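Please open the structure in a viewer and keep the sequence panel visible beside it. The tour proceeds by selections, each followed by a description of what is found there.

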Amino acid sequence: MRPTSREYPTFVTHLECSLTGERYEAGQVHGLSKAGRPLLVRYDLDALGSQLQKEDLAPRDGGFWRYREFLPVTQSQNVVALGEVMTPLVPLSKMGEALGGHADSVIVKDEGRLPTGSFKARGLALAVAMAKELGLSHLAMPTNGNAGAAMAAYASRAGLRTTIFCPEDTPEVNVSEIALQGAEVYRVNGLINDCGKLVGDGKEAAGWFDVSTLKEPYRIEGKKTMGLELAEQLGWALPDVIFYPTGGGTGLIGMWKAFEELEAIGWIGAKRPRMVAVQAEGCAPIVKAFEDGEEHAPLWENAHTAAAGIRVPVAVGDFLILRAVRDSGGFAIAVSDEAIFNAQARVAQEEGLLLCPEGAATFAAYEQALATGQVSPSERAVLFNCATGLKYPMPPVHRTLDRHQPIDYAAFA
Ligand SMILES: *Cc1c(COP(=O)(O)O)cnc(C)c1O
């Protein structure tokens, strides 16, 4: 069944401030709550649960639009689709066994297969669809690369205009893909939070809508589909532990919300995976706040890591990430860039799976957590690879062959 071809019932009741619980009306344009915190979309879950059965999902297309009843879009004409797929679960069988586990103990959910090559497609497809539904025409955001590419692609498809600001050291491929997919993109001499300030400051004069992470309510609903999809793929059971490369934390917060909603409609029980927030040593505000027992994470000075997707020095949803991690019995963990690139090379060479640096960080963290006993090899762990490794600079190859010289074929043996 094409998700765009028919109307689905919608169950949104209202929006709610994630900090104070204050209610906001659905069907209107919203940014942050009055308290300056993310708004969460709330649904009539009793009605949803009584009108939708697990079996109803089976004949639908594979992508995240199959979860329409859990999403806020009210009219099918506003759905923006680019051939989304259900992203595969790829077990790292050899490495899992070598680490003392079994063939299925460590599994990668490979989000690099989505349109624009990253899981940012999930959040931005929803943000763009809702922008269209609410009559917005010009969207702006700061990005380290993948979010901008996803917004550019989905907004162009929906006929909306986009302006995008990137830190100046954003890889060329990201800036180029954003531009080629129809956005007006600028390199800015600063970090992602500096780019975010430009978007905020320009709102009045430029008339754009701010689609920064968690500053509008719908990206999180898109990211929520990772949790719905993971549960469906595992037969409505959840893994023991989830390793998530955490920048703004949308995905971790979104999955946590998905599990809550699935339990409320009775599709899963009370058991939750331990949620592990993985960061880089050069930018680990959530890890520090977790270890200090704090509810909020102050700005991380001089943030640096080659894993750009998790180079986020301050997160508006900090307390939501920390709550989910703590409520789940999970933890937050930092890994070095050296460990990230070492993990990326080994997983590529031993398992044939090219992870992005952020995804490789989750494998490095998994190994580190096994070594400290925070995770046992008998548990089932799911690692999120959030983008295709192909979008990132890779180590150069210097080996050459001169076909005009005599060739020593025996040297290849
Ligand atoms: C954005 C991004 C992340 C971080 O995701 P959040 O949900 O914002 O924490 C991790 N990895 C990659 C590749 C990303 O693009």
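The stops below concern a small sheet region and then the ligand site.

**The sheet**

The model is predicted, and residues are numbered from 1 along each chain. Begin by selecting strands β1, β2 and β3, which form an open sheet in the order β2-β1-β3 with antiparallel pairing. The edge positions belong to β2 (23-24) and β3 (39-43); each has a single partner strand, so one side of each is left without a neighbour in the sheet. As general background, strands of a sheet pair through backbone hydrogen bonds, either parallel or antiparallel.

**From β1 to β3**

Next, select β1, residues 12-17, together with β3: the two strands run antiparallel and are joined by five bridges. Two pairs can be picked out here. V12 stands opposite Y43 of β3, and E16 has L40 of β3 as its bridge partner.

**From β1 to β2**

Now turn to the other partner of β1. Two bridges join β1 to β2, again in an antiparallel arrangement. Select L15 and Y24 to display a bridge pair between these strands, with Y24 on the β2 side. Then follow the chain through the hairpin of β1 and β2, where five residues lie between the strands. At which residue of this hairpin does phi become positive? It is G21, with a phi near 80°.

**The ligand site**

Select the ligand, which sits in the largest pocket. Display the 18 residues around the ligand; those that come nearest are K120, N146, Y244, G247 and G249. Colouring this shell by class gives seven nonpolar, eight polar and three charged residues. Add β10 (241-245) and α9 (250-264) as ribbons, since each supplies at least two residues of the shell.

**Polar contacts of the ligand**

Which atoms approach the oxygen atoms of the ligand? Three distances may be drawn:

- K120: an N or O atom of the side chain is 2.8 Å from an oxygen atom of the ligand.
- G247: a polar backbone atom is 2.7 Å from an oxygen atom of the ligand.
- G248: a backbone N or O atom lies 3.2 Å from an oxygen atom of the ligand.

To finish, show the protein surface around the ligand. On its own, the ligand has 390 Å² of accessible area, of which the protein covers 97%.

Definitions and conventions
This is a predicted model: local features need pLDDT of at least 70, side-chain atom pairs count only at pLDDT 80 or more; totals for chains, interfaces and linings use all residues. Side-chain values use heavy atoms; hydrogens and water are left out. Two strands pair if DSSP finds at least two bridges between them. Helices (H or I, at least four residues) and strands (E, at least two) are DSSP runs, numbered from the N terminus. A residue is near a molecule or strand if one of its heavy atoms lies within 4 Å of it. A polar contact is a pair of N or O atoms within 3.5 Å; within protein, one must be able to donate a hydrogen and the other to accept it, and residues adjacent in sequence count only if both atoms are side-chain atoms. Accessible areas come from the Shrake-Rupley method with a 1.4 Å probe; for residues, only the protein chains shown count as cover. On a 1 Å grid over the protein atoms alone, a cavity is a set of points where a 1.4 Å probe fits but cannot get out, and a pocket is an open set with protein on both sides within 12 Å along at least five of seven lines; lining residues have an atom within 4 Å of a point. A molecule sits in a cavity or pocket if more than half of its atoms lie within 2 Å of its grid points. Ala, Val, Leu, Ile, Met, Phe, Trp, Tyr, Cys and Pro count as nonpolar, Asp, Glu, Lys and Arg as charged, and the others, Gly among them, as polar.
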